[in-house]
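Visitor: I have some questions about a structure. Can we go through them one at a time?
Guide: Go ahead.

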Amino acid sequence: MTTFTQRFSKTFTTAVAVMGATAVLAMPSHARDLEEIRGDVLQVVNSGAYPPFSFVDTQGNLVGFDVDIAQALADKMGVEVNVQSSPWNGIIAAMVGGRFDACICSMSITEERQEVLDFSDPYYSSGLSIWVQEETNDINSIDDFAGKQVGSTLGETGNQWAVENGDGKWRNQTFQGLPDIMSALNSGRIDVMIADDVPVLVAMQENERDIKMVDVGELPRWPAAIAIQQDNPELLEALNVALADIKEDGTYQAIVDKWIGEGASIE
Amino acid sequence: MDFNLMVEITPLLIKAAGVTIDISARAIFFGFFIACGLVFLRSARIRPLRWLARSYISVVRGTPYFVQLLLVFYGGPSIGLRLDPFTCGVVVGAFNIGAYMSEAIRGAIESVDSGQNEAARSLGFGKARTLLFVVLPQAAGLMIRSVGVLAIVLVKNSSLVSIISVVELTYQAQRLIGSTYKPLEIFTLSALMYIVIVYAVMGMMELAYRRATRYQSR
């Protein structure tokens, strides 16, 4: 019995020591600076599941507003670019861990995110919007959410808002992405959907949905910007200059027209 | 059901299924050697080596595969270990399945009757020859089924490597749903593909089992 206990505690202590050492070592790694990127390629990430900003078409190509913006910025900076996708809920960890140089993925600037990442100048702004089923008439203000099921996407600003404001008033349901919430709303599994307006508006143009937007008064808007690792001023400066350039020469507007079109404001 | 869409995206999903097979097969292959190494270490004369192997197995079995992936992928760069996503998936998969497999192999070796060992030694076989020609052939039949179960679990767990941005079957399906809004069709297709892969693994294991036990009386 004693031998077993001894053996067990020895193994256990070693295991804990190994895990502790790994945790200590797992500090953020240093960012690649501009010069390093110039000699290689600019590694850009987006979620690949957020049409029209970034998505995979049925031919398997990663396309969208953010992909074109990344290409346009790289052209201005005179660097090669490689745009790839990574699931949204892993992107911030990937950025902090130095896996990618820049996240051009329609990320809203929030205080929490600013603690771990640096943001460029905004390149558009996104606002929350409220959606209900077509035949729903009893939801006209935030007070009407009482007792309802409210759906939002994990890790998005809409989810943050719903959790902070809904405390005890309504029930929050969290989903992996916009397609999931839209299906849930369509089939009545949730009563209210909170999501960024532009993607829903664009999805509505392409897919018939029996849902409608309701105006419940002022909801927060956030400027969206390019996120990079902290302490990399040269890269940030180069991105901001390139951003100003593409706005100046009309490239930016052309990309907006191509992917967002009319009917949705991104300013 | 939108059958046109299903036909259209099938090639993309097959390609992604290829990544799933590739990553799983490599992890199982390298995992087998890691498992053998661990079995060897656990029976080593030098005590710290035994502890090392045992602690390693406890750490791997005590933490979720998902967490191991995140730790190596996101934590790795800070200790200078910058693996690309695919390699990272293979490495973590191999070290993960290796720990489980070593226990399966050790269990199989230990369940061979000790009389077999004694008989071989009394016939003048050395330790290594006894293990190689008497014990292992009998243990093989015992270990294949449990190793097979681990292989199947690994194939299905490989869907988790999507979190480190490997575009395998599950992540490709999710990305396509993002642009097509057709979860039923796409998940049905990907589920069918997993079934085919797992059946193939089961078939190979069954063949291996028959070969390993062909001289054994039942």
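Visitor: Leaving aside neighbours within four places in sequence, which residues is A:D66 in contact with?
Guide: A:D66 is in contact with A:F53, A:I104, A:C105, A:S106 and A:Y123. Contact means heavy atoms within 4.5 Å. Before going on: this is a predicted model, where local features need pLDDT of at least 70 and side-chain atom pairs count only at pLDDT 80 or more, while totals for chains, interfaces and linings use all residues. Residues are numbered from 1 along each chain as its sequence is written, chains are lettered from A and ligands numbered from 1 in the order in which they are written, and side-chain values use heavy atoms, with hydrogens and water left out.

Visitor: Where does A:D66 lie?
Guide: In helix α3 of chain A, residues 65-77. Helices (H or I, at least four residues) and strands (E, at least two) are DSSP runs, numbered from the N terminus.

Visitor: How far away is the nearest side chain of opposite charge to A:D66?
Guide: That side chain is A:R113, 12 Å away, and A:D66 is buried yet has no salt bridge. Lys and Arg count as positive and Asp and Glu as negative; His and the chain ends are not counted. A salt bridge is a side-chain nitrogen of Lys or Arg within 4 Å of a carboxyl oxygen of Asp or Glu. Buried means under 20% relative accessible area, exposed over 50%, and partly exposed in between (1.4 Å probe, protein chains only).

Visitor: Which side chain does the side chain of A:D66 make a polar contact with?
Guide: The side chain of A:S106, at 2.6 Å. A polar contact is a pair of N or O atoms within 3.5 Å; within protein, one must be able to donate a hydrogen and the other to accept it, and residues adjacent in sequence count only if both atoms are side-chain atoms.

Visitor: Now A:N46. Buried or exposed?
Guide: A:N46 is buried, because its relative accessible area is 0%. A:N46 is in strand β1 of chain A, residues 41-46. Not counting residues up to four places away in sequence, A:N46 touches several residues, including A:L62, A:V67, A:I104 and A:C105.

Visitor: Back to salt bridges. How many are there over all chains?
Guide: A search of the whole structure finds 13. One of the pairs is A:D40 with A:R32, whose closest N and O atoms are 2.9 Å apart. A:D40 has 39% relative accessibility, so A:D40 counts as partly exposed.

Visitor: What does A:R221 pair with?
Guide: The side chains of A:R221 and A:D197 meet in a salt bridge (3.5 Å, N to O). This pair links distant parts of the chain, with A:R221 in strand β12 (residues 221-229) and A:D197 in helix α8 (residues 197-206), 24 residues apart. A:D197 counts as buried because its relative accessibility is 10%, whereas A:R221 is partly exposed at 42%.

Visitor: And which residue does B:R145 meet in a salt bridge?
Guide: B:E206, at 3.1 Å from N to O. B:R145 is in helix α6 (residues 127-157) of chain B and B:E206 in helix α8 (residues 183-212), 61 residues apart. B:R145 counts as partly exposed at 45% relative accessibility, and B:E206 counts as partly exposed at 30%. Salt bridges that share partners also join B:R42, B:R61, B:E103, B:R106 and B:E110 into one network.

Visitor: How many helices and strands does chain B come to?
Guide: Eight helices and zero strands. Buried residues make up 44% of the 218 residues in chain B.

Visitor: What about the two chains together? How many residues does each give to the contact?
Guide: Chain B gives 35 residues and chain A gives 41. The area buried between them is about 3000 Å², of which carbon and sulfur atoms give 61%. Buried area is the accessible area (1.4 Å probe) that two parts lose on being put together, summed over both. In chain B, B:Y74, B:R175 and B:Y181 lose the most area to chain A, together 24% of what that side buries.

Visitor: How many salt bridges are there between chain B and chain A?
Guide: Zero. Across the interface, 10 residue pairs are in polar contact, both residues at pLDDT 80 or more. On the chain B side, α7 gives the most, with eight residues.
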